[in-house]
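Q: I should like a close look at a single part of this protein, with enough of the surroundings to place it.

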Amino acid sequence: MRSIFLFLFFFSLSFSSAINPQAKTEEDIDIVYQNAKKGIYWALENIPDKKTKLETDLIVDDKLLASIKLEKEINGIKIESIGYYQSNSVTIKIYKSYDSLVKEGHLKRIPSDNIE
């Protein structure tokens, strides 16, 4: 009976230690994904009027959260945001038409100097 108890005890310890690193990795992925999303939202709120390209870094408390690239394309924009957390990075790319940007409220009107 005692040997069964000891076996179950050590088995449960080994099982719980195997789950913990996976939970940490999942948490790190969630954080780095959130940082990349912050870059996307920042770019959508700061679409330049005259420039066709914008590259910037989002830094908070001396930590790099995201590197952002925004490019105006024909009839829309392309945004690439690379989120960082510790040694992890995630890249998100989105493409938005000028029509959808106006509908969503990110732009007041479609730019007249649309790239063609």
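How many helices and strands does the secondary structure of the protein come to? Please then examine Asp28 closely: in which helix is Asp28 found, and is Asp28 buried or exposed?

A: The model shown here is a predicted one. Its secondary structure comes to two helices and four strands. Read from the N terminus, these elements follow the order α-β-β-β-β-α, and the helix that holds Asp28 is H1, which covers residues 2–45.

Asp28 has a relative accessibility of 10%. A residue is called buried when this value is under 20%, and therefore Asp28 counts as buried. In the protein as a whole, which has 116 residues, 28% are buried. Beyond its neighbours within four places in sequence, Asp28 is in contact with Tyr85, Gln86 and Asn88.

The wider setting can be described in the same terms. Of the contacts between residues at least 6 apart in sequence, 39% join residues at least 24 apart. The accessible surface of the protein amounts to about 8600 Å², and carbon and sulfur atoms account for 55% of that area.

A final feature is the largest pocket, which holds about 260 Å³ of space. Its lining consists of 12 residues, and those that lie nearest its centre are Pro48, Asp49, Leu107, Arg109 and Pro111. Sorted by class, the lining comprises six charged, four nonpolar and two polar residues.

Key
Residues are numbered from 1 along each chain as its sequence is written. This is a predicted model: local features need pLDDT of at least 70, side-chain atom pairs count only at pLDDT 80 or more; totals for chains, interfaces and linings use all residues. Side-chain values use heavy atoms; hydrogens and water are left out. On a 1 Å grid over the protein atoms alone, a cavity is a set of points where a 1.4 Å probe fits but cannot get out, and a pocket is an open set with protein on both sides within 12 Å along at least five of seven lines; lining residues have an atom within 4 Å of a point. Grid points are joined across faces, edges and corners, and a volume is the space filled by probe spheres set on the points. Ala, Val, Leu, Ile, Met, Phe, Trp, Tyr, Cys and Pro count as nonpolar, Asp, Glu, Lys and Arg as charged, and the others, Gly among them, as polar. Buried means under 20% relative accessible area, exposed over 50%, partly exposed in between (1.4 Å probe, protein chains only). Contact means heavy atoms within 4.5 Å. Accessible areas come from the Shrake-Rupley method with a 1.4 Å probe; for residues, only the protein chains shown count as cover.
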